Amino acid sequence: MRLIFLIVALIFLQSSFAQRSYRISTDERAGVINRLDLDDNRYIIFRTIPSGEPITDKPILRLDHFDDCGIIESYDYTYPDLYGIRYIISSQIDGDSIRVAMMVNPKVIHNHSEFGVLSIHKENFGHRYQCIRAENVIHPRTFIVAGANRYFAHMFLSYTDKPIQYGSFLLDKEFNILKYYENFTEYTVTAGAIKLADGYICGTSEQLYKLNLDLIPVWRKEISSNHFMNNLIDVGDGIVFRLRGREWPNPAHTSVVKVDYNGNILWQTDRLNTDEEVDDRAKLVLRSDGMLEIVVQNLDEDYYSNRLFIYTIDPEDGSIVRIQNIEGNDLSSSFQFNQYHIGLDGQRTLMLREEGNGQVLWNISEEGECALFDGGFTEPTFPLTMVEKPNRESVLDNVWTSTYEWQRTTGNTNLEEICLSELMVKDLLPDDTIACTELGLTLNLSDQDFNIIWEDGSLDKVRLIDSSGTYSYRLDHCEIEFEESIDVQIETCTCQFYLPNIFTPDGDGNNEFFEAFHKCPEVKDFSIQIFDRWGESVYTNENPKFKWDGTFGGQPLPNGVYSYLVTFVNVYGDGIQEKKTGTITIMR
């Protein structure tokens, strides 16, 4: 066995770090923002930005690549003959690529728009652009990676000489149209879609319908009043979606509705906004714990405000379990809400456009400057109904796909950090202690939230110490300066009990007692029993520092040979009970 003396020295250069939020643009003309999580605590922010040319709107898609420490790199993607990118529908990972779906206005189809998808490699950020075009304005609503070499696109097409048309398309990797479902209607705004195992559920302004995997209609339902549905989410036992309408007593309202897989209403929330706004913006998301969150901003006449609320909703019954608000936070006095995102690590991010002051990427914390406040309200909701409607035949309009080469240039990585929240770092090395072990000492730092680097360059959070020396680690995370160290001394430790085989309790002061000698730093569960030659117990003791004088019941025992049994546990060993047996001779 080896004896290990542990002397711990903790060095705290900095015991906390700032959780970062950013003002990512100071241009008040900056457009929409979208966030996509990668692996290894990396994420990408996509945003549309102006080019500086007065004839264009926002023709540049900027990609900002972040990790927890800040921005890593930035790229701009555009096409020379582009009026602008109206909005970003979604961004999602497809193998080694990222698919960014957008509504794009190229100059070549003046006053029209296209359903554009920019495919970007996750590592080298190379790109390819593909699109769907028509002889009208295309309003993209949903783009889904629907399987190997399959994409699903959902949109509506607006005309000046005929009713609006909604459409759903299945495309292959080369953007060839494989299947489609299109139909005209007197009024509709295609509002979103999701993929199920057996098909797709799609929403329009007033209807919800299901298509099978071949885009053949299965059922269609119409919701009461004039609404449109968005943010359709499959929660395992039904579909939830954000519902927005304009025909209630107030100008605009937002609520959340759940239906079963046949379109029947299971529950609806109350209204999630006030009587004062002229409009609202909202985003519904699903958390990793199964709860729903919806962000609702109530807009003033200038379409800015600081009235933003986050509602946490139980998907089982639609009950609202928490309301948070942004009012009173000094980060921004007036803004437009662009996007809300919950990361793979549970980090909640608000993406805002401040009035006259550009774009803000706000990583919400539970405490500090980046925190929200508890409190809010709801208003009663009129009950909704769903009515069966007949399915419609599909009519293919003049729709086609295309591709052309976009350009990539380096973007701007100089961002202003704002709204810093201090997060504490854990110290995990043990306090001073003494150990005795056959296996060495194991230092376990698995509870450390961040990557670490030991003094020898190793990165493992569990380390076996088997030689003397000073061991230390530091955090490998952003600019954190935090270090712990430990001094280890290893010595031989046999922990063997030595018991003599004879003693002479005759009163001459020499060798008067039978006792044990050992070098173990600590033992527990100690016991010694001594027996005469007939097996009768003549002495017991549970103190490892015992001293027996050769008596029983206060009377000296006769000379002779006696046997003993010693049991104990070495607390610094392997924890197994050890036994020692032998004989001791009394000689007077």
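Among contacts in the chain between residues at least 6 apart in sequence, 54% join residues at least 24 apart, a contact being heavy atoms within 4.5 Å. The model is a predicted one, in which local features need pLDDT of at least 70 and side-chain atom pairs count only at pLDDT 80 or more, while totals for chains, interfaces and linings use all residues. Residues are numbered from 1 along each chain as its sequence is written, and side-chain values use heavy atoms, with hydrogens and water left out.

The secondary structure is quickly told: the chain has 47 strands and zero helices. Both kinds of element are DSSP runs numbered from the N terminus, with helices being H or I of at least four residues and strands being E of at least two. Of the 588 residues in the chain, 52% are buried; here buried means under 20% relative accessible area, exposed means over 50%, and partly exposed lies in between, for a 1.4 Å probe and protein chains only. The accessible surface of the chain comes to about 26600 Å², and 46% of this belongs to carbon and sulfur atoms. Such areas come from the Shrake-Rupley method with a 1.4 Å probe, and for residues only the protein chains shown count as cover.

Two open sheets can be followed strand by strand. As a reminder, strands of a sheet pair through backbone hydrogen bonds, either parallel or antiparallel. Two strands are taken to pair if DSSP finds at least two bridges between them. One open sheet holds five strands in the order β3-β4-β5-β6-β33, with antiparallel pairing. Its edge strands are β3 (33-37) and β33 (407-410), each of which pairs on one side only. On average, neighbouring strands of this sheet are turned by 25° against each other, direction ignored; for such angles, axes are lines fitted to C-alpha atoms (for helices over the stretch in contact), and angles run from 0 to 180 degrees between N-to-C directions. Within this sheet, strand β5 (residues 60-67) runs antiparallel to strand β6 (residues 70-78), and seven bridges join them. Phe 66 stands opposite Ile 71 in β6.

The other open sheet also has five strands, ordered β7-β8-β9-β10-β32 and paired in the antiparallel sense. Here the edge strands are β7 (82-94) and β32 (399-403), each pairing on one side only. The twist from one strand to the next averages 20°. Ten bridges, written as 10 in the pairing count, link β7 with strand β8 (residues 97-106) in the antiparallel sense. In this pairing, Asp 94 stands opposite Ser 97 in β8.

Further along the chain, strand β26 (residues 320-325) has two partners to describe. With strand β25 (residues 307-313), β26 pairs in the antiparallel sense over five bridges, and Phe 309 stands opposite Asn 325 in β26. The hairpin of β25 and β26 has six residues between the strands, and Gly 318 takes a positive phi near 80° there. Strand β30 (residues 373-374) also runs antiparallel to β26, joined by two bridges. Asn 325 stands opposite Phe 373 in β30, and Asn 325 is also the residue facing Phe 309 in the pairing with β25.

Positive phi also turns up outside glycine. Asn 231 has a positive phi of about 55° although it is not a glycine. Asn 231 is found in strand β19 (residues 227-234) and is buried, with a relative accessible area of 13%. Asn 511, likewise not a glycine, has a positive phi of about 55°. Asn 511 is placed in the loop between β41 (502-503) and β42 (523-531), where it counts as partly exposed because its relative accessibility is 40%.

Two last sites concern burial and surface. Which residues are in contact with Ser 255, leaving aside its neighbours within four places in sequence? They are Phe 241, Arg 242, Leu 243, Thr 269, Asp 270 and Leu 272. Ser 255 lies in strand β21 (residues 253-259) and is buried, with a relative accessible area of 0%. From C-alpha to C-alpha, Ser 255 and Ile 294 are 9.2 Å apart in space, and they are 39 residues apart in sequence.

On the surface, Ile 177, Tyr 180 and Leu 396 make a nonpolar patch of about 240 Å². Patches are made of residues with over 30% relative accessible area and no salt bridge, joining like charges within 9 Å and nonpolar side chains (Val, Leu, Ile, Met, Phe, Trp, Tyr) within 5 Å; a salt bridge is a side-chain nitrogen of Lys or Arg within 4 Å of a carboxyl oxygen of Asp or Glu. Ile 177 is found in strand β14 (residues 177-184) and, at 31% relative accessibility, counts as partly exposed.
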